[in-house]
Structures are given as C-alpha cells and as structure tokens.
Amino acid sequence: MSRLLSFLDRPIAAALALSRVRVFLAAVALYYGAGWLIRMVLLSGSSGDEAQLMLYGQSFALGYDFGNPPVAGWLAAVAEWAVGPTLGATVAIRYGLLALFFAAMLGAAREAIADRRLAVAAALSPVAFWFLGWASLTVYMDSLALIVALATTVWLMLRLSRLPTTAGFLCLLPVIGLGLLSKFSYGPVLVLLILSALAVPRMRAVVADRRFWIAVAGGVILAAPAHGYVLAQMETWLAVAEARILDGAIAEHPPEGPLERGLLALKAAFDFSLPLLPLFVLFFGRALWTLRTQALPDTQRPIVLWLGLWVVLVLFSLGLAMAVAGVDKLREHYLFVLIPLPILLFALVPPGGVGGRVVGGYTAALCLLAVAALGGLAAQAMVAPFDCSKCRLVMPWSDYAGQLRAAGFERGTIVSFDSPSTDAGPNLRRHLETVRVWTNKRPFYSPPPLAEPGGCVVVWNETRYPATLASLRAAPVSQIGEPLPAHAVVGTLTADLPLTGRPAPVLGYALIAEGIGGCR
C-alpha cells in the first residue's frame, strides 16, 4: 500500500505544480500544441466547423450566415490574409481560442478563490465538460470565441470589484464587443450577469460605476455594424433561428405541456455538466458537507451569491423561453453559456477544507481526462475510415485536388454540394491555387469574384449521393444560372484513405473549363 501511495504522490505533486501561473500557461500551450500536431500529422481533413472557417476566410463581411455573428469569420479572413487558405491556420485558431479560454478561467478563478491549488482545479475543470474537453477538439468552433469572452468578462468583473481602475474598465470594452460578435447568446447572458450583480453589494459597486456603462456602450458600438446587418434582414434571421432551434431539435419523446418543456433546461444543463459534477462531488463532497456547520468566509460569499444567482437566472430564462416557444428539445451545446460554473463550485469549497492530496488527485484526474481526449483525437485516424459516412477528417483531399488539376481545373470557382458532412469545396481549395468556393451548406455567403476568372467545377459526394448529377442536369444551379450544360466534362475522383489504405468516398465532378454564368 505504501508503494502505491508513493506512486500516486508523483502525479499528484506534478498536478499541484500547475498552481504556478507560468507552469499552468505552459502546460496549456503544450497541450494544444500537441493537439495541433496530431491534426497536422494524422488527420488530413477538416471538421465541418473548420471547413466553414476556410470558406469564410475568402473575405471580410459584416455577416457570413444568420446563425452567428461574424467574429470567427473575421479571424479566418485574417489568417488567410497572412498565410493563405491552410488547415494549419484554421486549427490554430481553434486551439488558440481554447488556450485563451483556460488562461481567462485561471484569471477568474484566482480572483474568486484564495487557495491557489483550488483556483487551478477550478480553472482546469472545464476539461471535464465533455462538450469542451473532448468535442471542442474538432467541433463547436462558433462557441469558442463566446467562452473566451464570457470567462474574461467574469474575470474582469471580479477584478473590478476588488480593484476598480479605469484601465480595468477599458479592458472590459473590447471583451464585451468580442462577446457580442461571437454569439447572439452573449448579450442576454451579460444582462443576467448585471442583474445578478445588483443583488450583491460587492458586485453592485461594479455595475453602478459609470465607467462600466461606458465600457458596455463601447462594446455595443463595436458590435453595432454586424448586428445592424442582421436587423436589416430580420425576416431571414428569424427563419434561420426557427430552423436551428425549433425544426432542428426534435425530441424522441416530446414533453407534455409548458412545465415539462421548462424543466428540459435543467436536464440539458446537467447533461452538459457531465462528467464534471459527479467528479466534483466525489472529490469535494465531504468538504461541501461541512457547510452545514461552517459559514463561508466574507471574501467568498459574495462570489457564490453572484454566480449562484446568475446560474439560476440563466436556467430560469432558458426554461421560460422553451415553455413559451414550445421547444421540445434543448441541445446541450447551447449550454456553453454555463462555462464559468466551476468557479461557482469551487467558491463553495471552504478554505482549508480539503488536503493537498484531494486537490492534487482531482487535478490529476482532470489531466488524465485531457490526455485521453488527445488519445481519442489521434485514434480517429484509424477509427474513422471504418465507417466513412462522415470521415472528412481523414479524406485524401490532396489526391482529389491533384486529380482535378489533371482534369484541367487550375483556377476558377468550385460549387460544392456538401450537405451534410462532406465539405469538399473548402478542403479542395487549400490544395489548389486561385480558387474560390461556393457551398450549398452556407447559401447566404457569396465569395468575392476572382481578379482573373477561370473555369467552373461542380463537386459532390458520389458515394453518398449518386443522384446528384441527375438533379444538377434537371434543375437550375443558382451559381450557374441554368442546369448543368451537356458539354460539361463529368468524372469521378478516387483515392485511398491515408494510413489504412481503405477506399475513400468517391467524389463526382462536372467541369466547364471556360466557366459559365457566375461560376468562373
């Protein structure tokens, strides 16, 4: 037993070393750097979110689609301006945002929790949200800028409650602007943070300061052009929102009545919080039990009240909206707005109520989950090819592009029929020179015309959708202005999947070398 405990002491001590800020930040950078290397070496393609970014990287726009504000597209456009349409830059945006998020969580946790070991445990805890620790390595790109802005907002508001400097309020201004440009949900969440602060004297002093409202006004001004673009096309925005929130969320067993619909918000919040909540209770349940007889110190009580009331208001607002709108299902990833929850949980832990082994063991468990997530990411290189219905991460895009080039397509426009999970256009574009891409997955976005027009090629997934060619010949293609002409050269792109050598999905193409209509 003593040998076992001695063995466990080593990872526990290593985990506790993360309480030093530089060690924490270096570990986060190394972790996401390793994730980036895995993507570059083992996975040849993009996820759907990353394909979307490579699509939007073709230009700067006030709006790219009506599902989200444009900040992610702006980041992609900056990356393409700097280094061209590369998967490496797109994945770097993803992992860079995740690294910034954990840095902001550490800042917020150190403001909220005096014990530096507990603060690090709180900052790392989002790893145990499955949607962030595992899934966000490849998906949920649009939510990453949101959680960076939200965590930084909480951090700055906590810091301003302790040190209300003009510089601090000025820092809040671009953060609010970023939040409003990241997700439409940031605005309502910020309002609830402000309402919750009114009930807590320490936080009320922050929102009562006129400098706070100057920062809010500045953030709104920064986001105003993009939101004005949406307001000018409100009918379209509402239709997209209805399709995503109502039509896209069909429950297997629909709830009966408004009350059951409202309670779905609690279920979605619990599901989003897994496996964090049971892990937290396992390690810190005994310490929480002492709250029956031991009051929290004055430094932590306002934070618990503020964030606790905020969580209640978020869940109540979601439940009320679901009941009124008649929503039958709330997708768990919409609960990214609860990402600061670990700070509340650890603010409830009494100071001195847990020993170093408990905190270190919990932190080590989080590190183990993080390593397992990277292992799962790497394993996709071998697992995805066995069911290649959604294997764009491992498809041989370079080989496909080489075959298109050999067929005579050097420059011009790709019209890509990608729905739901191929994303051929953006992935082919990064292997071809002077090419722009349209895709039916993002019908509201039109890339700018090329300085020197070229040919036109329409691509689709022939393996999954063999009837596409017939439909292209029967009905007008919007980018062409007419059905696919008879003289188009039709062919297929075939290759083997990397590593496994299994046959990759066959892509169909129709090439019009001289271009046609708006496709040239």
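Here is a short walk through the structure, from the whole chain down to two of its helices. Keep in mind that this is a predicted model.

Start with the overall build. The chain folds into 21 helices and five strands. Lay a box along the principal axes, and the C-alpha atoms fill roughly 85 × 60 × 50 Å. How does the radius of gyration fit with a compact globule? For 520 residues, such a globule would come out near 24 Å, and the chain has 25 Å, so the two agree. The contacts add to that picture: among those with a separation of 6 or more, 78% link residues 24 or more positions apart.

Now for inside versus outside. Of the 520 residues, 52% count as buried. The chain exposes about 22,500 Å², and carbon and sulfur atoms supply 66% of that area. As for charge, there are 38 positive and 30 negative side chains, with the centres of the two sets 12 Å apart.

Next, zoom in on helix α3, residues 48-56. Nine of its nine residues are buried, and that list includes the acidic pair Asp49 and Glu50 as well as Leu53, Met54, Leu55 and Tyr56. What covers them? The cover includes the helices α2 (21-42), α4 (71-83), α5, α8 (141-162) and α20 (424-429), plus the strand β2 (435-439).

One of those covering elements, α5, deserves its own look. Helix α5 takes in residues 87-112, and at 1.5 Å a residue its 26 residues should span 38 Å; the end C-alpha atoms are 38 Å apart, so the expected span holds up. Helix α5 is mostly covered too, with 20 of its 26 residues buried.

Terms used
Residues are numbered from 1 along each chain as its sequence is written. This is a predicted model: local features need pLDDT of at least 70, side-chain atom pairs count only at pLDDT 80 or more; totals for chains, interfaces and linings use all residues. Side-chain values use heavy atoms; hydrogens and water are left out. Helices (H or I, at least four residues) and strands (E, at least two) are DSSP runs, numbered from the N terminus. The expected span of a helix is 1.5 Å times one less than its number of residues. Buried means under 20% relative accessible area, exposed over 50%, partly exposed in between (1.4 Å probe, protein chains only). Contact means heavy atoms within 4.5 Å. The radius of gyration is taken over C-alpha atoms; the globule rule is 2.2 Å times the number of residues to the power 0.38. Accessible areas come from the Shrake-Rupley method with a 1.4 Å probe; for residues, only the protein chains shown count as cover. Lys and Arg count as positive and Asp and Glu as negative; His and the chain ends are not counted. The place of a charge is taken as NZ of Lys, CZ of Arg, CG of Asp or CD of Glu.
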